[in-house]
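Here are my notes on the model you sent over, point by point. Have the structure open while you read, and shout if anything looks off.

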Amino acid sequence: MIQKILLKSSDETAALATAFAPLLSVGNTILLNGSVGAGKTHFARALISTCLNDINALEDIPSPTFTLVQTYELNHVDIWHADLYRLTSLSEVYELGLDTAFEDAICLLEWSNRLGEMLPKNALTLNLNITEEDLREATLEWEDTIWDTIVVDALKVFNNEKS
Ligand SMILES: Nc1ncnc2c1ncn2[C@@H]1O[C@H](COP(=O)(O)OP(=O)(O)OP(=O)(O)O)[C@@H](O)[C@H]1O
Ligand SMILES: [Mg+2]
């Protein structure tokens, strides 16, 4: 399935992330694609801060550019935020524990194309395409039907927020 939406500002991208936040659960992975500066980290930060805020546990959300992975504990599940731009080999994926995180956690992955065949097949892909300075053409794509209702519900909340 595929859904396209326009994100007219960084606030709108954050609002989309916030709409997804309460709908995610164990085993959900979002692949954040798009060129440098497209808003992948911005989306991940907004999603994580919404989840942490909900349990009164807001903390710094640094970009995982150098650490590759940052993890956050929610009440019943952890969120893994990964930036695989600097991944040097696939064995590092196992060292980091990302393979088990795909099963046990909520994962938000930047530069996930580095994973090749290890990419989880049941993931949702969010591609952010820079069309103008503040404008992003967002494409949501998925095969696993678990995302059907999650995407519909998130877009409903997102569209209500805007109007
Ligand atoms: N509509 C928009 N959506 C998201 N970010 C936007 C938008 N308009 C402007 N921006 C700005 O673009 C920048 C996106 O930076 P961000 O670090 O999230 O990019 P990135 O995709 O993670 O890049 P990298 O590949 O380097 O990790 C931010 O400064 C953000 O404020
Ligand atoms: Mg980034």
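1. Overall size. For a chain of 163 residues, a compact globule would have a radius of gyration near 15 Å, and this chain comes out at 15 Å, so the two agree. Bear in mind throughout that this is a predicted model. Along the principal axes, the C-alpha atoms fill a box of roughly 45 × 35 × 30 Å. Of the 163 residues, 48% are buried.

2. The fold, end to end. You'll find five helices and seven strands here. Starting at the N terminus, the order of elements is β-α-β-α-β-β-α-α-β-β-β-α. Keep that string handy, as the points below refer to the elements by number.

3. The magnesium ion. Which residues hold ligand 2, the magnesium ion, on the protein side? The donors are Thr41, through OG1, and Glu110, through OE, at 2.0 to 2.2 Å from the ion. These two come from distant parts of the chain: threonine 41 belongs to helix α2 (residues 40–54) and glutamate 110 to strand β5 (residues 106–110), with their positions 69 residues apart. Are they buried or exposed? Both threonine 41 and glutamate 110 are buried. Water is not among the atoms, so the site may look incomplete.

4. Who sits around ligand 1. The shell around ligand 1 has 18 residues, and the closest are Thr13, Lys40, Thr41, His42 and Asp134. Thr41 therefore turns up twice, among the closest residues to ligand 1 and as a donor to the magnesium ion. By character, the shell splits into eight polar, six charged and four nonpolar residues. Helices α1 (10–20) and α2 each put in at least two residues, and α2 has the largest share, with three.

5. Backbone contacts to ligand 1. Three are worth clicking on. A polar backbone atom of serine 9 is 3.0 Å from a nitrogen atom of the ligand. Glycine 37 brings a backbone N or O atom to 2.9 Å from a ligand oxygen, and glycine 39 likewise has a backbone N or O atom 2.9 Å from an oxygen of ligand 1. As for cover, on its own the ligand has 650 Å² of accessible area, and the protein covers 74% of that.

6. Two positive phi angles in one loop. Have a look at the loop between α2 and β3 (69–73), where asparagine 56 sits. Asparagine 56 has a positive phi of about 55° although it is not a glycine. Leucine 68 is in the loop between α2 and β3 too, and has a positive phi of about 70°, again without being a glycine. Their surroundings contrast: asparagine 56 has a relative accessible area of 74%, so it counts as exposed, the cut-off being over 50%. Leucine 68 is at 5%, and because buried means under 20%, it counts as buried.

7. A leucine pair. Leucine 84 is in the loop between β4 (78–83) and α3 (91–96). With a relative accessible area of 0%, leucine 84 is buried. What is the C-alpha to C-alpha spacing of leucine 84 and leucine 68? The two are 5.8 Å apart in space and 16 residues apart in sequence.

8. Around β7. Leucine 135 lies in the loop between β6 (124–130) and β7 (136–141). Its relative accessible area is 18%, so leucine 135 is buried under the 20% cut-off. The C-alpha atom of leucine 135 is 9.6 Å from that of glutamate 12, although 123 residues separate them along the chain. Glutamate 137 is in strand β7 itself and is partly exposed, at 31% relative accessible area. Its C-alpha atom lies 8.0 Å from that of asparagine 127, which is 10 residues away along the chain.

9. The last helix. Glutamate 161 is in helix α5 (residues 146–162). Is glutamate 161 buried or exposed? Its relative accessible area is 59%, which means glutamate 161 is exposed. The C-alpha atoms of glutamate 161 and leucine 16 are separated by 9.3 Å, with the two residues 145 apart along the chain.

Terms used. Residues are numbered from 1 along each chain as its sequence is written. Chains are lettered from A and ligands numbered from 1 in the order in which they are written. This is a predicted model: local features need pLDDT of at least 70, side-chain atom pairs count only at pLDDT 80 or more; totals for chains, interfaces and linings use all residues. Side-chain values use heavy atoms; hydrogens and water are left out. Donors are N, O and S atoms within 2.8 Å of the metal (3.2 Å for Na, K and Ca); water is not among the atoms, so sites may look incomplete. Helices (H or I, at least four residues) and strands (E, at least two) are DSSP runs, numbered from the N terminus. Buried means under 20% relative accessible area, exposed over 50%, partly exposed in between (1.4 Å probe, protein chains only). A residue is near a molecule or strand if one of its heavy atoms lies within 4 Å of it. A polar contact is a pair of N or O atoms within 3.5 Å; within protein, one must be able to donate a hydrogen and the other to accept it, and residues adjacent in sequence count only if both atoms are side-chain atoms. Accessible areas come from the Shrake-Rupley method with a 1.4 Å probe; for residues, only the protein chains shown count as cover. Ala, Val, Leu, Ile, Met, Phe, Trp, Tyr, Cys and Pro count as nonpolar, Asp, Glu, Lys and Arg as charged, and the others, Gly among them, as polar. The radius of gyration is taken over C-alpha atoms; the globule rule is 2.2 Å times the number of residues to the power 0.38.
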